[in-house]
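This briefing introduces one protein chain to a reader who has not met it before. Please look over the sequence and the structure first, and then turn to the notes below.

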Amino acid sequence: MLMIVGIVLLIIGMIWQFIGKLPGDIVVKKGNTTFYFPIVTSIVVSVVLSFIFYVMGRFR
């Protein structure tokens, strides 16, 4: 089970590189400080996970 979780996290990390900076994400740069708030990315991830759990629940 632990290996499966590790593989899933690895795959999510690889995918996150491509969807990590969507339009609508908030980036504030002032001096040597950067604040990044991925609001749109969070919404997309939430919708995808909700769909996956819905499909898994239907086949249960």
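The accessible surface of the chain amounts to about 5700 Å², and carbon and sulfur atoms account for 75% of that surface. The model is a predicted one. The notes that follow go from the overall form of the chain to its largest pocket, a surface patch and a few individual residues.

**Overall form**

- The chain contains two helices and two strands.
- Read from the N terminus, these elements follow the order α-β-β-α.
- The radius of gyration of the chain is 15 Å, whereas a compact globule of 60 residues would be expected to have one near 10 Å.
- Along the principal axes, the C-alpha atoms occupy a box of roughly 50 × 25 × 15 Å.
- Of the 60 residues in the chain, 7% are buried; a residue is counted as buried when its relative accessible area is under 20%.

**The largest pocket**

- The volume of the largest pocket is about 280 Å³.
- Its lining consists of Val8, Ile11, Ile12, Ile15, Trp16, Ile19, Val44, Val45, Val48, Leu49 and Ile52.
- Two or more residues of this lining come from each of helix 1 (2-19) and helix 2.
- Helix 1 makes the greatest contribution to the lining, giving six residues.

**A nonpolar surface patch**

- Val44, Val48, Leu49, Phe51, Ile52, Phe53, Tyr54 and Met56 together form a nonpolar patch of about 800 Å² on the surface.
- One of these patch residues, Tyr54, belongs to helix 2, which covers residues 39-58.
- Val44, Val48, Leu49 and Ile52 are named among the patch residues and also among the residues that line the largest pocket.

**Residues of helix 2**

- Ile39 is located in helix 2, and it counts as partly exposed because its relative accessibility is 34%.
- Between the C-alpha atoms of Ile39 and Met56 there are 26 Å, with the two residues 17 apart along the chain; Met56 is one of the patch residues.
- Val40 is likewise placed in helix 2. Its relative accessibility is 26%, so Val40 counts as partly exposed.
- Val40 and Phe51 are 11 residues apart along the chain, and 17 Å separate their C-alpha atoms; Phe51 contributes to the nonpolar patch.

**The segment after helix 2**

- Phe59 is found in the segment that comes after helix 2.
- Is Phe59 buried or exposed? Phe59 counts as exposed because its relative accessibility is 71%, and the exposed class begins over 50%.
- The C-alpha atom of Phe59 is separated by 27 Å from that of Gly13, a residue 46 positions away along the chain.

Notes
Residues numbered from 1 in each chain as written. Predicted model: local features only at pLDDT ≥ 70, side-chain atom pairs only at ≥ 80, totals over all residues. Heavy atoms only, no water. Patch = residues over 30% accessible without salt bridge, like charges linked within 9 Å, V, L, I, M, F, W, Y side chains within 5 Å. Areas by Shrake-Rupley, 256 points an atom, 1.4 Å probe, with all protein chains shown as cover. Salt bridge = Lys/Arg side-chain N within 4 Å of Asp/Glu carboxyl O. Helix = DSSP H or I, 4+ residues; strand = E, 2+ residues; numbered from the N terminus. Rg over C-alpha atoms; globule rule 2.2 N^0.38 Å. Buried < 20%, exposed > 50% of the residue type's maximum accessible area, 1.4 Å probe, protein only. 1 Å grid on protein atoms, 1.4 Å probe; cavity = no way out; pocket = protein on both sides within 12 Å on 5 of 7 lines; lining within 4 Å. Points joined across faces, edges and corners; volume = space filled by probe spheres on them.
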